[in-house]
Amino acid sequence: MELITLKEVDSTNLYAKKNLEIFSDRTVVRALRQTFGKGRLSRKWVDLGENNLFLSIVLKPSEIFQDVYSNLTQYLSVVLCKLFEKYGLEPQIKWPNDVLINGKKIAGILCETVMQGANFNGLILGIGINLNAAEKDVKAIPDKAVTALNLELGTAVDADEFLEKFLNDFFANYDEFLKKGFEYIKSDYINRACFLDKEVCVQVLNDTKRGVAKSVNNAGELVLDDNGKEFSLTIGDIL
Ligand code: BT5
């Protein structure tokens, strides 16, 4: 694993994408400040100050895209939950990969697959983690209840220390996860899921699906029951 630290960048994902050819597998790009952080579907990721984490992990696990890569964000959400638990907190996962503490979003994950024609060039796993933020700044973020680790703990957090623990934990089980897929983390994921057995409304691109969230299947898909009719979703946002 190689760690590159940038003082400031538009987006660590964009930077990693631009330099993908020269970066080897498991290169981590961290920026101390991020001026144009990206969320999914053209949404924005807000920079809450220098002592937060903005990073992208460059992964080049094979020459061909494998289905298991679609579950990497879920693997990452479990890794993050377990780390927050070491701080005495009770994090939860909102399908597919939002990590919440006390119902508020503390981290965001954006995984981009880079293809060139039919060739698979790699994955860029972008992660933003709120470690140290001011109450007024998290409240100003639109559309969502947001928190940061310092606000939950009542004390400042050392970002370098947190990053080291996080990367160690991520890579400790990464190879095993690639071999075994979602089933390897399924019970850890389900145990932290906050949406099961609830009536949910899921935005899937321009469509909305409703139903009771019955389970997450072995592929990591959300299984909904709409009046006795079961179906599964691979992408979407629980509203
Ligand atoms: C995400 O998107 O949650 C993925 C965010 C990934 C950010 C990282 S930072 C390093 C790397 N480089 C990048 O450019 N991006 C990645 P999504 O599920 O679409 O959620 C976006 C929504 O989360 C926004 O519309 C806001 O409502 C909310 N949000 C924005 N900034 C936030 C923050 N700092 N903390 C919590 N929620 C935030």
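Ligand shell and backbone features

Q: What makes β8 stand out in the shell around the ligand?
A: Strand β8 gives the most to that shell, with four residues; strands are DSSP E runs of at least two residues and helices H or I runs of at least four, numbered from the N terminus. The model is predicted, with local features requiring pLDDT of at least 70, side-chain atom pairs pLDDT 80 or more, and totals for chains, interfaces and linings using all residues. Residues are numbered from 1 along each chain as its sequence is written, and side-chain values use heavy atoms, without hydrogens and water.

Q: Which residues surround the ligand most closely, and how is the shell divided by class?
A: The ligand is surrounded by 26 residues, the closest being S11, K38, R43, K105 and N130; a residue is near if one of its heavy atoms lies within 4 Å. The shell has ten nonpolar, ten polar and six charged residues, where Asp, Glu, Lys and Arg count as charged.

Q: Why is the pair of N130 and the ligand called a polar contact?
A: A polar side-chain atom of N130 lies 2.8 Å from a ligand nitrogen, and the limit for a pair of N or O atoms is 3.5 Å, so the term applies. A polar side-chain atom of T12 lies 3.0 Å from a nitrogen atom of the ligand, while a polar backbone atom of P142 is 2.8 Å from a ligand oxygen. The protein covers 98% of the 790 Å² of accessible area that the ligand has on its own (Shrake-Rupley method, 1.4 Å probe).

Q: Why is the pair R40 and D237 called a salt bridge?
A: The closest N and O atoms of R40 and D237 are 2.5 Å apart; the rule asks for a Lys or Arg side-chain nitrogen within 4 Å of an Asp or Glu carboxyl oxygen, so the pair qualifies. R40 lies in the loop between β3 and β4 and D237 in strand β14 (residues 237-238), 197 residues apart. By this rule there are 19 salt bridges.

Q: What makes the backbone at P96 and D197 notable?
A: The peptide bond from W95 to P96 is cis, with omega near 5°, and P96 is in the loop between β6 (91-94) and β7 (98-101). D197, in the loop between α7 (186-191) and β10 (199-204), has a positive phi of about 65° although it is not a glycine. Most residues other than glycine have a negative phi, and most peptide bonds are trans.

Terms used. A polar contact is a pair of N or O atoms within 3.5 Å; within protein, one must be able to donate a hydrogen and the other to accept it, and residues adjacent in sequence count only if both atoms are side-chain atoms.
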